[in-house]
Amino acid sequence: MAAENPVDRLQDEASCPICGKYFKDPVVIDCGHSFCRACISQCWEGLDTSFSCPQCRETIQQRNLRPNRPLANVLELAKRLSLQAMKVAGGERACGEHREPLKLFCEEDQTPICVVCDRSRAHRVHTVVPIEEAAQEYKLQTQTERQKIVAEFQQLRKFLEEQERRLLAQLENLEKEIGKIQNENITKLSEGISCLSDLIIEMEGKCQKPASEFLQDVRRTLSRCEIGKFQKPVELSAELEKRFSDFSQKNVALPETMKKFKDMLRSELEVKRGKPLGSDRPANVTLDPDTAHPELVLSEDRKSVRWGDTWQDLPDNPERFDTDPCVLGYEGFTSGIHSWEVEVGDGLFWAVGVARESVKRKEGISYNPEGGIWAVEQCWWGQYQALTSPVTPLPLSWVPRRIRVSLDYERGQVTFFDADNETPIFTFPPASFNGERIRPWLSVGLETQFRLCP
């Protein structure tokens, strides 16, 4: 007869005689046997005297349940040894609570479970599928993401090759122009040297003649000397220097761009195509009057908002901004890529962007991603900034009239464009939205009127 496995014996000793599972809150009764506190309490429910042990049937006079702490320690050891033994044997992973193989996958909790867990209250209403089926589904998703990454790399490689050809062509043209100017200067210098040499020989000959003959026609000779003076070679043209300077300024950031290739790829292709990558969905955004600050006035079609002159008598509902002049879009997004455009006008101290559904409405609003807001702001005449933490100044040359906001939910990315010329303005670092609804957000400043474009 085969020897008994010590691990199996230890598992048996760590199991409750009533439920057959690992002890939960083990207690010992007067006869010395141990049970789960809930199991023995249920077994003795309704009894006032003469309690009997479910294992040895000995009558217990008092309902005395004492915690069995040593057994609780043995229980933890048994669980660890059981799992370790299964790993050594190459078997399936087992549930730490029920010692059953993990053959199911809970999609709500995103975790493998056993058949006993599936019947428990914790997972009873959850969507549960066989673990192999879940693994196959996630393998497909992984393959899809891999194909996307490969496609982006291919686009990046093509873009970089085009940039290489363009930059090398520009350098070749610059070298040709510099060489042409150098050759022209050499020719002019050679001609000037030859002319001066002839004049020197002529002047030396005249100096050897008598004074009367030397002074004859002296004015014409001096005039020729004046004409033959050395002419300074032509320098590199200002236009050429400007072109070289422009070339350097345009391409000095190329290594940094390559370092952040993904952002660069998306920005460049967005400019070329005039829209974000992927399944971009132009959003028909309207404004939510229930969130509007009482001093903001919305149009009837809820497409425009401006700063009013008086505080309106509006319900003080929880979702309404009442300390800062803000309003949210009625629409919200929990997936996909969406974009919309906002006419910003000529006002002061405005901001345009997106906000989490949970953004503060009453007080203590933080205008940055930590506070649930991703936006660009007009902070003073001709001065703009991205509301990062700390803020990021935007180019002084940028004077927006129409801003396109692009939200890529899965990437956690918010990008702003000048909608008039399709130029990227700023892209926030990727964030984690964690399934929370993201809504358009406007902060209306002095003499500001926003309009959501079709």
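This is a short tour of a predicted model, with suggestions on what to select at each stop.

**The whole chain**

Start with everything shown as a cartoon. The protein has 454 residues, of which 34% count as buried. Its secondary structure comes to 10 helices and 22 strands. If you switch on a surface, you are looking at about 28,100 Å² of exposed area, with carbon and sulfur atoms supplying 53% of it. Contacts across the sequence are worth keeping in mind as you go: among those between residues at least 6 apart, 60% join residues at least 24 apart.

**Stop one: a three-stranded sheet**

Select residues 104-106, which form strand S6. Then add S7 (111-113) and S8 (128-130). Together they make an open sheet in the order S7-S6-S8, paired antiparallel. S7 and S8 stand at the edges with a single partner strand each, so one side of each has no neighbour in the sheet. Look along the sheet and you can follow its twist: neighbouring strands are turned by 40° against each other on average, direction ignored.

Now zoom in on S6 and S7, which are joined by three bridges. To see one partnership, pick Leu104 and find Ile113, its bridge partner in S7.

Next, select residues 131-207, helix H5. This helix packs on the sheet and touches S6, S7 and S8, with its direction at about 90° to that of S8.

**Stop two: strand S21**

Move along to residues 438-443, strand S21. How many residues of S21 are buried? Six of the six are, so the strand is largely enclosed by the rest of the structure.

Two strands to show beside S21 are S12 and S14. S12 (residues 326-328) pairs with S21 in the antiparallel sense over three bridges; colour Cys326 and you will find Ser443 of S21 opposite. S14 (residues 351-356) is also antiparallel to S21, this time over six bridges. Here Ala355 stands opposite Arg439 of S21.

**Stop three: Pro440**

Stay in S21 and show Pro440 as sticks. Pro440 has a relative accessible area of 5%, so it counts as buried, the cut-off being under 20%.

What does Pro440 touch, beyond residues up to four places away in sequence? Show Val285, Val327, Leu328, Gly329, Glu331, Phe333, Trp340, Gly353 and Val354 to see these contacts. Finish by drawing a C-alpha to C-alpha distance from Pro440 to Trp340: the two are 100 residues apart in sequence and 8.9 Å apart in space.

Terms used
Residues numbered from 1 in each chain as written. Predicted model: local features only at pLDDT ≥ 70, side-chain atom pairs only at ≥ 80, totals over all residues. Heavy atoms only, no water. Helix = DSSP H or I, 4+ residues; strand = E, 2+ residues; numbered from the N terminus. Buried < 20%, exposed > 50% of the residue type's maximum accessible area, 1.4 Å probe, protein only. Contact = heavy atoms within 4.5 Å. Pairing = 2+ DSSP bridges. Axes fitted to C-alpha atoms, helices over the stretch in contact; angles between N-to-C directions. Areas by Shrake-Rupley, 256 points an atom, 1.4 Å probe, with all protein chains shown as cover.
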